[in-house]
Amino acid sequence: MADQYVLTLSCPDKQGIVHAVSSYLFLTGCNIVDSQQFGDAESGLFFMRVHFSAEPPVTAEKLRASFAATGDAFHMDWQIHPAGERTRTLLLVSKFGHCLNDLLFRSSIGALPVEIVGVVSNHTDFRGLAESYHVPFHHIPVTQATKAEAEAELLKLVETENVDLVVLARYMQVLSDDLCQALAGRAINIHHSFLPSFKGAKPYHQAHARGVKLIGATAHYVTAQLDEGPIIEQEVVRVSHDVTPEQLVALGRDVECQALARAVKWHAEHRVLLNGTRTVVFA
């Protein structure tokens with residue numbers, strides 16, 4: 001049976017890229033299953049995602065070695081992944097567990113192509129939840145005095161477990177610039193979309209007091225610029241005048257779970273390519 005692979009690439013836009021990629025796959029004995037592409041006139045960059053199959057003895061290592069010349073010729077930033085490979089994922093959480101619970105459940109039923117290798121929290125509230133899914137729980141408390149040591153412990157866990165993706169599932173700690181850099185392009189955060197209008201405690205109650213009619217959530221890559229990383233996905237729901245603050249909170253939990261789950265899924269399926277401060281999402 002043919003094995004499945006995903007090739008993703010970005011490079012300066014010029015003639016011949018699609019021809020070069022398709023010719024390479026044809027000459028290598030591969031078959032294109034699905035292909036998506038986008039040329040960004042603003043940045044001058046070209047983006048492509050190709051899902052293809054190949055019969056053994058072709059392997060990911062052989063494909064990477066033989067594609068290098070094509071990548072170099074077009075100055076590509078490219079990757080080839082086995083399509084069935086599950087992304088090793090570490091979940092971070094604090095005191096709100098709805099996104100954690102949602103991701104654990106989706107992963108357990110095969111709805112997310114990830115392998116959750118652990119849950120990290122600065123509290124112990126969700127130890128039982130993690131262990132009910134047979135996922136290791138790591139309590140790493142954080143104070144202003146121990147922040148550097150806590151981040152070092154977290155990064156060591158990322159390295160030890162060969163983590164591909166870190167998900168801040170309502171982890172209420174600001175990551176240092178150094179940790180953001182170490183996790184660049186492989187850490188996703190979720191937050192409500194009231195920022196910057198309603199900051200601080202009880203944002204949904206603040207929004208209710210102002211009579212908002214739309215609430216939403218944003219999933220984005222983590223950068224040193226707090227809550228300003230490249231956006232992967234957003235979800236929104238309309239509300240009316242008769243919705244209570246408590247109902248707003250409940251609706252907010254739902255949209256946060258939905259936006260974050262889609263962002264994690266698309267990242268794990270290699271559908272998200274960075275385009276400066278934006279993303280290209282081949283969903």
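## Sheet, helices and cavity in a predicted model

The bridge partner of leucine 9 in strand S4 is tryptophan 78. This pair belongs to a predicted model, in which S4 and strand S1 (residues 3-12) run antiparallel and are joined by six bridges. The wider sheet is open and has four strands, ordered S2-S3-S1-S4, with antiparallel pairing. Strands S2 (30-40) and S4 (77-82) form its edges, each pairing on one side only. From one strand to the next, the twist averages 10 degrees.

Two helices contact this sheet. Helix H1 touches S1, S2 and strand S3 (45-54), while helix H2 lies across S1, S2, S3 and S4. Their directions relative to individual strands are set out below.

| Helix | Residues | Reference strand | Angle |
|---|---|---|---|
| H1 | 17-27 | S3 | about 15 degrees |
| H2 | 60-73 | S4 | about 160 degrees |

Further along the chain, helix H8 comprises the 24 residues 245-268. At 1.5 Å a residue it should span 34 Å, and because its end C-alpha atoms are 34 Å apart, the expected and modelled spans agree. H8 is followed by histidine 270, which has a positive phi near 60 degrees.

The structure holds one cavity of 30 Å³ or more. The largest cavity has a volume of about 80 Å³. Residues lining the largest cavity include Val120, Ile140, Tyr171 and Gln173. Helix H5 (residues 147-160) supplies the largest share of that lining, four residues. By class, the lining consists of nine nonpolar, one polar and two charged residues; Lys147 and Glu151 are among the lining residues.

Definitions and conventions:
Residues are numbered from 1 along each chain as its sequence is written. This is a predicted model: local features need pLDDT of at least 70, side-chain atom pairs count only at pLDDT 80 or more; totals for chains, interfaces and linings use all residues. Side-chain values use heavy atoms; hydrogens and water are left out. Two strands pair if DSSP finds at least two bridges between them. Axes are lines fitted to C-alpha atoms, for helices over the stretch in contact, and angles run from 0 to 180 degrees between N-to-C directions. Contact means heavy atoms within 4.5 Å. The expected span of a helix is 1.5 Å times one less than its number of residues. On a 1 Å grid over the protein atoms alone, a cavity is a set of points where a 1.4 Å probe fits but cannot get out, and a pocket is an open set with protein on both sides within 12 Å along at least five of seven lines; lining residues have an atom within 4 Å of a point. Grid points are joined across faces, edges and corners, and a volume is the space filled by probe spheres set on the points. Ala, Val, Leu, Ile, Met, Phe, Trp, Tyr, Cys and Pro count as nonpolar, Asp, Glu, Lys and Arg as charged, and the others, Gly among them, as polar.
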